Amino acid sequence: MPASAHPSRVAPAATAAGDRRENVLLRELVAVYSHLSGLASQDSDVDGVVRLVAHRTGSAVAVLGPAVEVLAAAPADTGERLAETAASASLGPVLAAAAQNRRPVSLPGLGVDAGPVVGPVVVAPILVGDEVAAYLVTLPPVQPRAPEQELDDDLNLLLTEHAATICGIILGRERVVAAAAGRARTDLIEGLLLAKDRDDEEAQRWAGHLGFVRGTDHHVLAVGLLDGSAAAGRAPADTARVLTPAQHVIARRMPGAIVALRDTEVVAVVPAPPERGGGLDGVRALAEKCRAAVLDRHPEAAVVAGVGGCCRTAGEISRSYSEARSAVDAARRMGRAPAVLAFDDLGVHRLLLQVPDLGELRAFAADVLGELVRDREHRADLVGTLCEWFRCNGSPQRTARELHVHPNTVTYRIRRVEEIAGLRLDHYRDRLMAQLACEIMQVLGDVP
């Protein structure tokens, strides 16, 4: 027998070669582990992890989101290779198995034919706390590697699992940073909305961080529910959920707006669109779209939107916000849900809204109109005619057209109003008080 073929001489040589290969692979694994751990302590992202693993192993690597969308990939054609894999055998069950077991899964049956190389797909869940936030997927190398460089299945699983752990640390850190940034943004917005005595220069610095441009027309838009949250027994979180579509509409249609979803309302500082007819009309149109979006998802919701007056400096934001809230409160006190109320359109209602006790307003109207109010069941046509007569500037003809009656009927009813209430509507003082009483009754929803 030739000496070269003697078993006692072949086995030691093969064993030594295997030991050398194992040592090389272990050193490579330790080096990659060290680099990955370094990424976790640096200001890196999952792209850096994917590139490192792909470079050191020659594999195609990708991070998939919960909807199997590619969040990061290396090399560039990895997404296409994953699409081919999904076409040949769905990745869904594989991802589900990895998520359920919280461990990486290696499936040779999902191997991708990459020319001369066929190998397994390894899927590892990326955990952020107890949540599976994404998945790390490795595909076989596109180009064959030297035998001494090939990781065996166990080492490949270990490496993929460690890389997924590092991705989880990075994603968790990004969530913490995003949450902190969100809280800081919310605090800035709250300060601008509520701090009426804030120094204008300080407010401008705050607003500048949010993208507010001094000198540009803005309006504060507030979208809420007519019944509020407490009155309807609705938790603030439920109210916020109902109003979320309004927040999305503003963010999508008005990227320059400063938007906040609060417990009981959506508030936005909106740059006035330069449409013809003034920026307020553009903000009204945006408010209409917000209401439509909420009603599309929640048809039962009584949505009301208020628009504050124009503000050109950061210091005026809180005033515009108060006006927007006053418009929303006006709708609530009226007991009905108009599409949109702008503070600038409230007129004398601005003063009426300052009276906290609605009973005082009703008492004033009763004192002025007397039996017309106390016996409203039988005299509703007289009160309604009086209110419409004021809206038509005292014209019997216009009032008759609005009420679909004869002008003589209007004249007769106005005369009866004067007789029953003891008023002289041709006298300035009586006319003013009667008109104010009618406005009060309309604010309170006592007349159409």
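## Overall picture

The protein chain holds 16 helices and 10 strands. Keep in mind as you browse that this is a predicted model. Its 448 residues include 44% that count as buried, and the accessible surface of the protein chain comes to about 22700 Å², with carbon and sulfur atoms contributing 53% of that area.

Contacts across the sequence are worth a look too. Taking the contacts in the protein chain with a separation of 6 or more, 61% are between residues 24 or more positions apart.

## A five-stranded sheet

Let's turn to one sheet. Five strands make up this open sheet, in the order β7-β8-β6-β9-β10, and their pairing is mixed. At the edges stand β7 (258-261) and β10 (340-342); each has a single partner strand, so one side of each is left without a neighbour in the sheet. On average, neighbouring strands here are turned by 15° against each other, direction ignored.

## Strand β6 and its partners

In the sheet order, β6 sits between β8 and β9. With β9 (residues 303-311), strand β6 (residues 218-225) pairs in the antiparallel sense over seven bridges. Two positions help you trace this pairing on screen: His218 stands opposite Cys311 in β9, while Gly224 stands opposite Val304 in β9.

The pairing with β8 is also antiparallel, and seven bridges join β6 to that strand. Here a handy landmark is Val220, whose bridge partner in β8 is Val269.

## Covered on both faces

How many of the residues of β6 are buried? The count is eight of eight, so to speak a strand that is mostly covered. In a regular strand, side chains alternate between the two faces of the sheet. For β6, one side carries His218, Val220, Ala222 and Gly224, and the other carries His219, Leu221, Val223 and Leu225. Every one of these residues is buried, leaving both faces of β6 covered.

Two of the residues met above as pairing landmarks, Val220 and Gly224, belong to one side of the strand, along with His218.

## The helix lying across

Which helix lies across β6? That is helix α8 (residues 279-297), which also lies across β8 (265-271), β9 and β10. Relative to β9, helix α8 runs at about 160°. If you would like a starting point for exploring this region, follow α8 over these four strands, then return to β6 and its antiparallel pairing with β9.

Technical notes. Residues are numbered from 1 along each chain as its sequence is written. This is a predicted model: local features need pLDDT of at least 70, side-chain atom pairs count only at pLDDT 80 or more; totals for chains, interfaces and linings use all residues. Side-chain values use heavy atoms; hydrogens and water are left out. Buried means under 20% relative accessible area, exposed over 50%, partly exposed in between (1.4 Å probe, protein chains only). Contact means heavy atoms within 4.5 Å. Accessible areas come from the Shrake-Rupley method with a 1.4 Å probe; for residues, only the protein chains shown count as cover. Two strands pair if DSSP finds at least two bridges between them. Axes are lines fitted to C-alpha atoms, for helices over the stretch in contact, and angles run from 0 to 180 degrees between N-to-C directions.
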